[in-house]
Amino acid sequence: MLNVAKRTLFTGDNLEVMRGINSACIDLIYLDPPFNSNADYAAPIGSRAAGAAFKDTWTLDDVDLAWHGQIAEEHPGLYTIIDAAGECHGESMKAYLIMMGVRLLEMKRLLKPTGSIYLHCDPTASHYLKMVMDTVFGRSNYRNEIIWK
């Protein structure tokens, strides 16, 4: 396992990086994940980021079946919330929340008992993510919501 030096910044898909880091060694996590906006994004031609693109649409084909099984078997309460969100909002939301759920479980493992996590999201899934976070971290650990317009 990896001990993380102070002021280390990781970018890209965080799951494999997190799985290589020691438990309870992180003070602060800020995450700005995809929002499940059901859109594809590309930087404009001529911009400094030209050629950069990502898809923010989700299907169950996009999630690893092992993640699905891990949540269903090891965290049945979390799976119930994810499954209910899928019933209400569709397969795309279920797939998105499976992707987020497996990562949030890793983040819980990484955070020190005194650590904090800040999740940047939009109204597309914020209410579902709040329930997922309450299940993973415990609802008594929720402190506040920041809304900016």
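These exercises work through two loop residues, a surface patch and two pockets in a predicted model.

**Exercise 1.** Classify N36 and N38 as buried or exposed.

Solution.
- Start with the location. N36 sits in the loop between β1 (26–31) and β2 (39–42). N38 is in the loop between β1 and β2.
- Check the backbone. N36 has a positive phi near 60° and is not a glycine. N38, also not a glycine, has a positive phi of about 65°.
- Apply the cut-offs: buried is under 20% relative accessible area, exposed is over 50%.
- N36 has 4% relative accessibility, so N36 is buried. N38 has 56%, so N38 is exposed.

**Exercise 2.** Place Y30 on the surface and in the fold.

Solution.
- Y30 belongs to strand β1.
- Its relative accessible area is 52%, so Y30 counts as exposed.
- Y30 joins L28, Y118, I146 and W148 in a nonpolar surface patch. Together they have about 690 Å² of accessible area.

**Exercise 3.** Describe the lining of the largest pocket and of the second largest pocket.

Solution.
- The largest pocket holds about 1,100 Å³ of space. Of its 31 lining residues, I117, Y118, L119, Y142 and N144 are closest to the centre.
- β4 contributes the most to this lining, 8 residues. By class, the lining has 16 nonpolar, 8 polar and 7 charged residues.
- The second largest pocket has a volume of about 960 Å³. Of its 30 lining residues, F10, N14, L28, I29 and Y30 are closest to the centre.
- Here β1 gives the most, with 6 residues. The classes are 19 nonpolar, 4 polar and 7 charged.

Key
Residues are numbered from 1 along each chain as its sequence is written. This is a predicted model: local features need pLDDT of at least 70, side-chain atom pairs count only at pLDDT 80 or more; totals for chains, interfaces and linings use all residues. Side-chain values use heavy atoms; hydrogens and water are left out. Helices (H or I, at least four residues) and strands (E, at least two) are DSSP runs, numbered from the N terminus. Buried means under 20% relative accessible area, exposed over 50%, partly exposed in between (1.4 Å probe, protein chains only). Patches are made of residues with over 30% relative accessible area and no salt bridge: like charges are joined within 9 Å, nonpolar side chains (Val, Leu, Ile, Met, Phe, Trp, Tyr) within 5 Å. Accessible areas come from the Shrake-Rupley method with a 1.4 Å probe; for residues, only the protein chains shown count as cover. A salt bridge is a side-chain nitrogen of Lys or Arg within 4 Å of a carboxyl oxygen of Asp or Glu. On a 1 Å grid over the protein atoms alone, a cavity is a set of points where a 1.4 Å probe fits but cannot get out, and a pocket is an open set with protein on both sides within 12 Å along at least five of seven lines; lining residues have an atom within 4 Å of a point. Grid points are joined across faces, edges and corners, and a volume is the space filled by probe spheres set on the points. Ala, Val, Leu, Ile, Met, Phe, Trp, Tyr, Cys and Pro count as nonpolar, Asp, Glu, Lys and Arg as charged, and the others, Gly among them, as polar.
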